[in-house]
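Take a look at the model below. The text walks through its strands, its sheet and its charged pairs in turn.

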Amino acid sequence: FAKGNNFVGTSSYPSVSSLNTHSGAKCMNIYSTEAYASWLILPEFETPANQLQVSFWLRKTTDSYYPLIVGITNDNMNSFDTIATVNCNVVSAWQQFVIPLGTYQGSGGRIALIAPDSIYSDNYLDDITVELMPACPRPMNLTAIGTGTETAVVKWTGTGATAFDVQYGVTGFTLGLGTTEVAVEDSLEVFSLTPSSVYDVYVRSNCNGDTSEWIGPVSFRTA
């Protein structure tokens, strides 16, 4: 892979770190400020980018918005097409993201991960995997917003699905034993929750009977 930044002077970011690893002895610390960005560019693959998906584990150590942009570039970052922007919704815990690249229609050939220069961002990155995109891709960008005392709105981004299975329950529940509902759009409002309680939610795509892997859990607290 290749790494780079536009910091003034000498900077090692993104840098190899032995802190906060997900597996093994090392991970990558990818960092930016309001003025400077850093990026990691993966090797070019023979398979076209829009037939691939990239997955990785991400961790942040403070309760701030630390975005990481995923996209496609050429060798020298002269062009860049954003596919997704992700942010851990938990602190000091690893969270996996799976990003299908099927929407990409450009001519770049390398996947890039960027800590953008518009905001301070400090993430740890580990276990990056690139593989063929499955016939029924997992949803991405799963979030829970607008929580009330007994309700919550769950949102995500899906590609190629005819419906989505949403399963939720009190945090720590066993997947398969929660409450399951079906959504036909990229969001769902759930009801009859318990006030002041923490819940986990998972979502998977349903593509005319073929289902993706689950994405989640994402946790949220009712008011």
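Strand β4 (residues 38–41) runs antiparallel to β9, and four bridges join the two. In that pairing, Ser 38 stands opposite Ala 115 of β9. Note before going on that this is a predicted model.

The β4–β9 pair belongs to an open sheet. Five strands form that sheet, in the order β1-β4-β9-β6-β7, with antiparallel pairing. β1 (2–5) and β7 stand at the edges, each with a single partner strand, so one side of each has no neighbour in the sheet. From one strand to the next, the twist averages 25°.

Now move to β6. Strand β9 (residues 110–115) and β6 are joined by five bridges and run antiparallel. Strand β7 (residues 80–86) also pairs with β6 in the antiparallel sense, over six bridges. Ile 69 is a handy landmark here. Ile 69 stands opposite Ile 114 in β9, and it stands opposite Thr 85 in β7.

How many residues of strand β6 (residues 68–73) are buried? Six of the six are, so the strand is largely enclosed by the rest of the structure. In a regular strand, side chains alternate between the two faces of the sheet. In β6 both faces are covered. Leu 68, Val 70 and Ile 72 are buried on one side. Ile 69, Gly 71 and Thr 73 are buried on the other.

Strand β15 (residues 187–190) shows another pattern. Its side chains alternate: Leu 188 and Val 190 point to one face and are buried. Ser 187 and Glu 189 point to the other face and are not buried. β15 pairs with strand β12 (residues 152–157) in the antiparallel sense, over four bridges. There, Lys 155 of β12 stands opposite Ser 187 of β15.

Next, look at a single polar residue. Gln 53 lies in strand β5 (residues 52–59). Is Gln 53 buried or exposed? Its relative accessible area is 7%; the cut-off for buried is under 20%, so Gln 53 counts as buried. Which residues does Gln 53 contact, leaving aside its neighbours within four places in sequence? One run of contacts is Val 98, Ile 99, Pro 100 and Leu 101. The others are Thr 129, Val 130, Glu 131, Leu 132, Met 133 and Pro 134.

Turn to the charged pairs. The count of salt bridges comes to two. One joins Arg 204 and Asp 165, with the closest N and O atoms 2.9 Å apart. Arg 204 sits in strand β16 (residues 198–207) and Asp 165 in strand β13 (residues 163–170), so the pair ties together parts that are 39 residues apart in sequence. Arg 204 is partly exposed, at a relative accessible area of 24%. Asp 165 counts as buried, at 9% relative accessibility.

The other salt bridge is between Glu 213 and Arg 138, whose closest N and O atoms are 4.0 Å apart. This pair links distant parts of the chain, 75 residues apart. Glu 213 is in the loop between β17 (210–211) and β18 (215–221). Arg 138 is in the loop between β10 (121–132) and β11 (140–145). What is the relative accessibility of each partner? Glu 213 has 57% and counts as exposed. Arg 138 has 11% and counts as buried.

Finally, step back to the whole chain. The protein chain has 18 strands and zero helices. Its C-alpha atoms fill a box of roughly 55 × 35 × 30 Å along the principal axes. A compact globule of 223 residues would have a radius of gyration near 17 Å; the protein chain has 18 Å, which agrees. Buried residues make up 44% of the 223 residues. Among contacts with a separation of 6 or more, 70% involve residues 24 or more positions apart. The protein chain exposes about 10600 Å², and carbon and sulfur atoms supply 48% of that area.

Note on methods. Residues are numbered from 1 along each chain as its sequence is written. This is a predicted model: local features need pLDDT of at least 70, side-chain atom pairs count only at pLDDT 80 or more; totals for chains, interfaces and linings use all residues. Side-chain values use heavy atoms; hydrogens and water are left out. A salt bridge is a side-chain nitrogen of Lys or Arg within 4 Å of a carboxyl oxygen of Asp or Glu. Buried means under 20% relative accessible area, exposed over 50%, partly exposed in between (1.4 Å probe, protein chains only). Two strands pair if DSSP finds at least two bridges between them. Axes are lines fitted to C-alpha atoms, for helices over the stretch in contact, and angles run from 0 to 180 degrees between N-to-C directions. The radius of gyration is taken over C-alpha atoms; the globule rule is 2.2 Å times the number of residues to the power 0.38. Contact means heavy atoms within 4.5 Å. Accessible areas come from the Shrake-Rupley method with a 1.4 Å probe; for residues, only the protein chains shown count as cover.
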